[in-house]
Amino acid sequence: MSHPGMRPEFGEALEVAAGRYRGRLAFTMAGDWVVLVHVTLRGGQKLERQLDVNGVR
Amino acid sequence: MSAESPAFDLLKIPLIGPFFSWRHARTFLQIPMLIVGIAMIAHGLFGPALAPKNLATTVSWVHFRGALVLVLLCAGNLFCLACPFMLVRQWARRLFRPRFTWPRKLRNKWLSAGLFALILFVYELFDLWSSPWWTAWLIVAYFATILLIDGMFKHAVFCKFVCPIGQFNFVASTLSPLEVKVRDQGVCVPCQTKDCIRGRRDPGGLVTIQRGCELALFQPSKVGNMDCTFCLECIQACPHDNVGILSRPPASELMTDPRRSGIGFFSRRTDIAGLALVFTFGALLNAFGMVSPVYALESWLGRVMHVSHEAPVLGLIFVFSLIVEPVLMLGLAAWLTRVWAGSRRAPVPLIVRYAYGLVPLGFGMWLAHYSFHFLTGMLTLIPVTQNAVASLGRPLLGEPLWTLTGIPTRFVQPLELGFLILGLTGSLLVTHRLAQDEAEAGAHPVRAFIPWAAVCLALWAAAVWLILQPMEMRATFMG
């Protein structure tokens, strides 16, 4: 769940090993967050995946 | 114009005045609102499921609510004027002529006050802010209900007795600086036709060529904004061009108790007082649903009640906040007004009379809450719209600028405090004035004022505590 109108946080994930990416993101307030992962594949194809992170305190 | 006429009349302002005097001004405002409404329904049903990316949730819960309270504060009930539901209802009434009259037992605000509380409850229970799907269906249900009720019943029954948004606007607009009002009472005295309420028919008397007030407000004896949708029909109907949109001191209508056209005396309208209490205590409750302590309270209540579903827990919180708490607080104040200040009024009439004094405080809380979401998220409309257009096939408005949000929270919070202080000041002024009138009932005015001022201060302290709480916000994380 997420409330519209709130400030989104952005972060970039960098490749640390083959197929493994790491990035830092700040949960700036308590509540239920949604992480949207935007991926650009080598061929230019774009993907979006959604992860729910509920109950952040 | 008579000497008592206010100096400011919106209809006398160049460009704005001729626009609002224009016969099709309302339709002109309603059409874009209807288009936005249809876009919200379509995007809510078929667009992204994530609320911050959807027009239905973003426009409904961020922009509409925020713009609504700010316009009510700065002008008047202009959102009822531009209500798109009424446009659809007008079109429908060309096909179906209503035949029935609204039942006498329902000609009060109890049903609409209950629906107002129900919407607040449903909003919390089903997390409507996070569901484009259910938000879209809520809008569809609104359209359907209007068509059903106003398709069956004559006059503006839905606006006057059912619409929860309308009731919110009616109560809040008692604090607005503008009012649709007669310019010169002397002009109305010899008027025989009373077109402002009756409307006008063709010479054969069969076809209405100009509606009068469908909410039964007769302009010469209309007082304040309660029940006025700013439809401007009376302005069009008056053959003497004697109805304007005039300035007045906000909240002044809460301080006096004249007989009001279409309403009667505020002091005898228990239902309107009940609506005012739902408005005021509902403001605190709605904000309470957004902060961290509500989750701790719900969790504790769930353990005590041995239930795992949210509905009974939330129901208990609502019953306490909207019924038990007001009855206890106002009951105690009324008892002190009788025992300590010496008022001869019975407790219920005292509560009814002073309930109106809490409206400014409630409006201050609604302003603080909704303006927070509006101001901190106002620019999100841009990327959400860009995204909606792009989803049609081509990004005609460019790629969504998701970094656009609004004014930083640290700048908005002082404004929230300002709204609460404004609300407290208004409530203290109104209750002070009501306490002065208490002398007629044999009471000591200062002693009569103190208990109600204490109620105002207690509610204000709760409101300040609420906006200083860390928000248990539902946000978006994008990478």
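1. Let's start with Ala283(B) and its contacts. Leaving aside neighbours within four places in sequence, Ala283(B) is in contact with Gly362(B), Met365(B) and Trp366(B). Keep in mind, here and below, that this is a predicted model. Ala283(B) itself belongs to helix H14 of chain B, which covers residues 270–288. A nice pair to find on screen is Ala283(B) and Phe363(B): 80 residues separate them in sequence, yet their C-alpha atoms are 7.6 Å apart in space. Is Ala283(B) buried or exposed? There are 29 other C-beta atoms within 10 Å of Ala283(B), and 20 are enough for a residue to count as buried, so Ala283(B) is buried.

2. Next, have a look at two helices of chain B, H5 (residues 84–93) and H7 (residues 132–152). They pack at an angle of about 40 degrees, and their axes are 10 Å apart. How should we describe that angle? Angles under 35 degrees would count as roughly parallel and 65 to 115 as roughly perpendicular; H5(B) and H7(B) are therefore oblique to each other. The crossing of H5(B) past H7(B) is right-handed.

3. Which residues make the contact between these helices? From H5(B) come Phe85(B), Val88(B), Arg89(B) and Ala92(B). H7(B) brings Tyr142(B), Phe143(B), Ile146(B), Leu147(B), Asp150(B) and Gly151(B). Sorted by class, the residues of this contact are seven nonpolar, one polar and two charged. You could try assigning each residue to its class yourself.

4. Two backbone angles deserve a second look. Most residues other than glycine have a negative phi. Lys194(B), however, has a positive phi, near 50 degrees. Lys194(B) sits in the loop between helix H10 (185–188) and helix H11 (195–198) of chain B. Because Lys194(B) has 15 C-beta neighbours inside 10 Å, this residue counts as partly exposed.

5. Phe230(B) is the other residue to check, with a positive phi near 55 degrees, again in a residue other than glycine. Phe230(B) is also in a loop, between strand S3 (208–210) and helix H12 (233–237) of chain B. The surroundings of Phe230(B) hold 25 other C-beta atoms within 10 Å, so Phe230(B) is buried.

6. Now turn to chain A. Chain A has zero helices and five strands, and along the sequence the pattern reads β-β-β-β-β. Why is chain A described as more spread out than a compact globule? The radius of gyration of chain A is 13 Å, well over the 10 Å that the globule rule gives for 57 residues, so chain A is more spread out than a compact globule. You can also look at the overall dimensions: the C-alpha trace of chain A spans about 35 × 20 × 15 Å along its principal axes. Of the 57 residues in chain A, 18% are buried. Among the contacts in chain A with a separation of 6 or more, 19% join residues 24 or more positions apart.

7. Finally, how do the chains meet? In the model, 26 residues of chain A are in contact with 27 residues of chain B. On the side of chain A that touches chain B, the elements giving two or more residues are strand S1 (9–10) and strand S4 (31–40) of chain A. S4(A) gives the most to this side, with eight residues. By class, this side of chain A has 14 nonpolar, eight polar and four charged residues.

Methods:
Residues are numbered from 1 along each chain as its sequence is written. Chains are lettered from A and ligands numbered from 1 in the order in which they are written. This is a predicted model: local features need pLDDT of at least 70, side-chain atom pairs count only at pLDDT 80 or more; totals for chains, interfaces and linings use all residues. Two residues are in contact if their C-beta atoms, placed from the backbone, lie within 7 Å. Helices (H or I, at least four residues) and strands (E, at least two) are DSSP runs, numbered from the N terminus. Ala, Val, Leu, Ile, Met, Phe, Trp, Tyr, Cys and Pro count as nonpolar, Asp, Glu, Lys and Arg as charged, and the others, Gly among them, as polar. The radius of gyration is taken over C-alpha atoms; the globule rule is 2.2 Å times the number of residues to the power 0.38. A residue is buried if 20 or more other C-beta atoms lie within 10 Å of its own, exposed if 12 or fewer, and partly exposed in between; C-beta atoms are placed from the backbone. Axes are lines fitted to C-alpha atoms, for helices over the stretch in contact, and angles run from 0 to 180 degrees between N-to-C directions. Angles under 35 degrees count as roughly parallel, over 145 as roughly antiparallel, 65 to 115 as roughly perpendicular and the rest as oblique. A crossing is left-handed if the near helix is turned anticlockwise from the far one by less than a right angle, and right-handed if clockwise.
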